[in-house]
Structure formats: structure tokens, C-alpha cells
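Let's take a friendly walk through this model together, one sheet at a time. Keep the viewer open as you read.

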Amino acid sequence: MGSRAHYVVMQDGRLGLYYSQWGAYQLELDLLPGPELATQFARRQRAVSSWMWEPECEGACLIDHDERRLLLFCHCGADQSYRLATLAALARTWPGWRVEWAYDGLRQLKAAAGHVVDFAATWSGDPQAGEEWCDVLVTVVHQGRTRAHLVDSAEAVIRSGAGSLDEHRSAWPTITSCPGKVVAGVHLDLDDQTAGVWTSATLRGALRSVGQGWPGWHWSNWEDRAAEQARRVAGALTVPEPDLAAGLRALAAEFDKHQGVASAADPASLLLAVTDLSSAFTHHPTKLTDEEKAVVRTAIAALT
């Protein structure tokens, strides 16, 4: 099946739809060089007249020149740190553009491209737990006590609804420590019927109709902010935090391999030299001078 991806280009009111069987593997690396080269790359893919079936689409981007907006989702190595570094790099190599993650996946891209989209559920699988591939952290507060589980899909937890929660909780193995890498999290507080979800992937519109399956509950969309879940379970479980420095190192190495650079040391070393500066810029942008900000942008641009 490959790793299928859509590339969508909007320019002068005209939409171009393209397809790649393998594009989702490293879609982010094809976007790093910036709008002009990324657009050229997208237009070299196979032009198609219809959208693929959503479950088959593992990555996609909308390059909207009219709105100066880049909207995307892709694998990003299923790694929070790598994804954070990718978005930080894209923000610098696409200056003046809005760089946004499509948390609702392909349907969000289609809506942004002007298509009428139904966000109703198209998938009804139950969340699976206890398997080695489970990388979604579910934390449940009941009568003041917190229990944690690892499942395979945040979307599946949401879609299954409150009516299935007791059955799931009794079947899911409980964990006492969180692995170093999780890609999403769901927090459920049974005491006050509040819930929240974050993800480094997509939810495919699961929150858009959440009231139907969770009557009386209030849900919050935390996008990619794992810290929101961590704050609510502080003392009971440690939720891993993304590491921008590690993500930048991985991104530099992947880009070098992707481009087939003979000597990877130069761009990678330049990026590593400003890793600390990049981290400071991300968390405290006002503390850097214009010259320091230019160093960060130059480092990222050197990868192209």
C-alpha cells in the first residue's frame, strides 16, 4: 500500500490536487525548503481529479499561496520532539506564512480547500490496549484516584463514548509508569465529567460531534499540549515532555539523508551549534536580539 499522501496547491483561486504513493514517509522534509521549492515538488507528483479514501491517506499538505497558509499532517516519525522541531523549522523557512497542523486530518484539508465535508464518524473500532504498539496515554480520575493505561488510538477512545468507558477500564491493563514516547493522550475525570485530549497525529474530527457520545461531559482540545495532561496527573504519573534539542538533531540528520548530502556534518553541525538558541527562541522569543533570531533562521535555511 505504501504511505500515501496528498499534495494540494491553491494559487490564484485554482486548486491542484496531487498524489504520491510514498510521500507520507517524509512529507515534512519535502516542505522544509520553503514555499517555492515545496510547490514545485508538489506539482511534480501525479495529478489526480479526486481525493483518496481517508483511511488510506497517511499524510497531506495544503500549500495555499492565496492565503499564505501551510496546513499539514504526516508521520513525523511518530515522535513529539521531531514533530515540534519540524514545525519550528517550517515556521522559519516559510516566513510570512501560517504554518498549521491539521488535527482533523484529510477532512480538514478538504474543508480548507473549499469542499463540503462531513465530520461525522466513519470508523467505529474499539480502542485496543496491552499491546506493544499502544502509544496513547489514557489517564482516568475516579473518586480522587488516578489510573493510567496505554491504548492504540485517542480517536477510538473518543468515538467509543462514555457508555463503553466502564467496560474498557475493567479490560485495560493499568500502568504505573509512562514509556518515554507517547504520541497522544486522553484525560478523563469521572468525578466532574471533564475530559481533554492532545495528539501529535490527527483525530479525524472526533471532537466535532463529541457531545453525542459523551452527554453531560465537557471536552477540551489541547492540540499538541501534552503538558495539559501532565498537569492534571502530577504526582501520580510522569508524562514525557518533548525535547526540541533532540528533535532538531534528528531533523537535521533526516534532512541530510533525504537530500543525499555527501558531507552531512556542515548543515547538521550548524544546526546543533544553535540548538540552545533555538530552544530559547521557542520558549522566550522576546529575550533574543534580531541578530540572534537571524542566526536561527540562517541555521535552518542552511538545511535547504
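## The five-stranded sheet

T139 stands opposite H187 in β9. The model you are looking at is a predicted one, and this pair is a handy place to begin. T139's strand, β7, covers residues 136–142, while β9 covers residues 184–189. The two strands run parallel and are joined by six bridges.

On to the other partner of β7: seven bridges join β7 to β8, and here the strands run antiparallel. V136, for example, has V151 of β8 as its bridge partner. The hairpin made by β7 and β8 has two residues between the strands, and in it Q143 takes a positive phi near 55 degrees. Strand β7 is mostly covered, with six of its seven residues buried.

Step back and you will find five strands forming an open sheet with mixed pairing, in the order β8-β7-β9-β10-β11. At the edges are β8 (145–151) and β11 (218–221), each of which pairs on one side only. Direction ignored, neighbouring strands of this sheet are turned by 15 degrees against each other on average. Towards the β11 edge, strand β10 (residues 194–199) runs parallel to β11, and four bridges join them. One landmark there is V197, whose bridge partner in β11 is N221.

## The six-stranded sheet

A second open sheet, also with mixed pairing, deserves a look. Its six strands follow the order β3-β2-β1-β4-β5-β6. The edge strands are β3 (46–47) and β6 (98–101), and each pairs on one side only. Within the sheet, β1 and β4 pair in the parallel sense over six bridges; there, V9 stands opposite I63 in β4.

## Helix α2 and its surroundings

Two helices lie across strands of the six-stranded sheet. Helix α2 lies across β1, β2 and β4, and runs at about 120 degrees to β1. Which residues of helix α2 (residues 35–43) are buried? They are P35, A38, T39 and A42. These four cover an arc of only 100 degrees around the axis, so they sit on the same side of α2. What covers the buried residues of α2 includes β1 (5–11), β2 (14–20), α1 (27–31), β4 (59–64) and α3.

Just before this helix, L32 has its place in the loop between α1 and α2. Is L32 buried or exposed? L32 is buried, because its relative accessible area is 2%, under the 20% cut-off. L32 and W94 lie 62 residues apart in sequence, yet their C-alpha atoms are 8.1 Å apart in space.

## Helix α3 and its crossing with α9

Helix α3 is the other one to follow: α3 lies across β5 (69–73) and β6, running at about 160 degrees to β6. Helix α3 (residues 80–93) also meets helix α9 (residues 244–259): their axes come within 7 Å and cross at roughly 75 degrees. Because angles of 65 to 115 degrees count as roughly perpendicular, α3 is roughly perpendicular to α9.

On the α3 side, the contact is made by S81, Y82, L84, A85, T86, A88 and A89. On the α9 side, L244, G247, L248, A250, L251 and E254 take part. Sorted by class, the contact of α3 with α9 has nine nonpolar, three polar and one charged residues.

Technical notes
Residues are numbered from 1 along each chain as its sequence is written. This is a predicted model: local features need pLDDT of at least 70, side-chain atom pairs count only at pLDDT 80 or more; totals for chains, interfaces and linings use all residues. Side-chain values use heavy atoms; hydrogens and water are left out. Axes are lines fitted to C-alpha atoms, for helices over the stretch in contact, and angles run from 0 to 180 degrees between N-to-C directions. Angles under 35 degrees count as roughly parallel, over 145 as roughly antiparallel, 65 to 115 as roughly perpendicular and the rest as oblique. Contact means heavy atoms within 4.5 Å. Ala, Val, Leu, Ile, Met, Phe, Trp, Tyr, Cys and Pro count as nonpolar, Asp, Glu, Lys and Arg as charged, and the others, Gly among them, as polar. Two strands pair if DSSP finds at least two bridges between them. Buried means under 20% relative accessible area, exposed over 50%, partly exposed in between (1.4 Å probe, protein chains only). The arc is that of the directions from the helix axis to the C-beta atoms.
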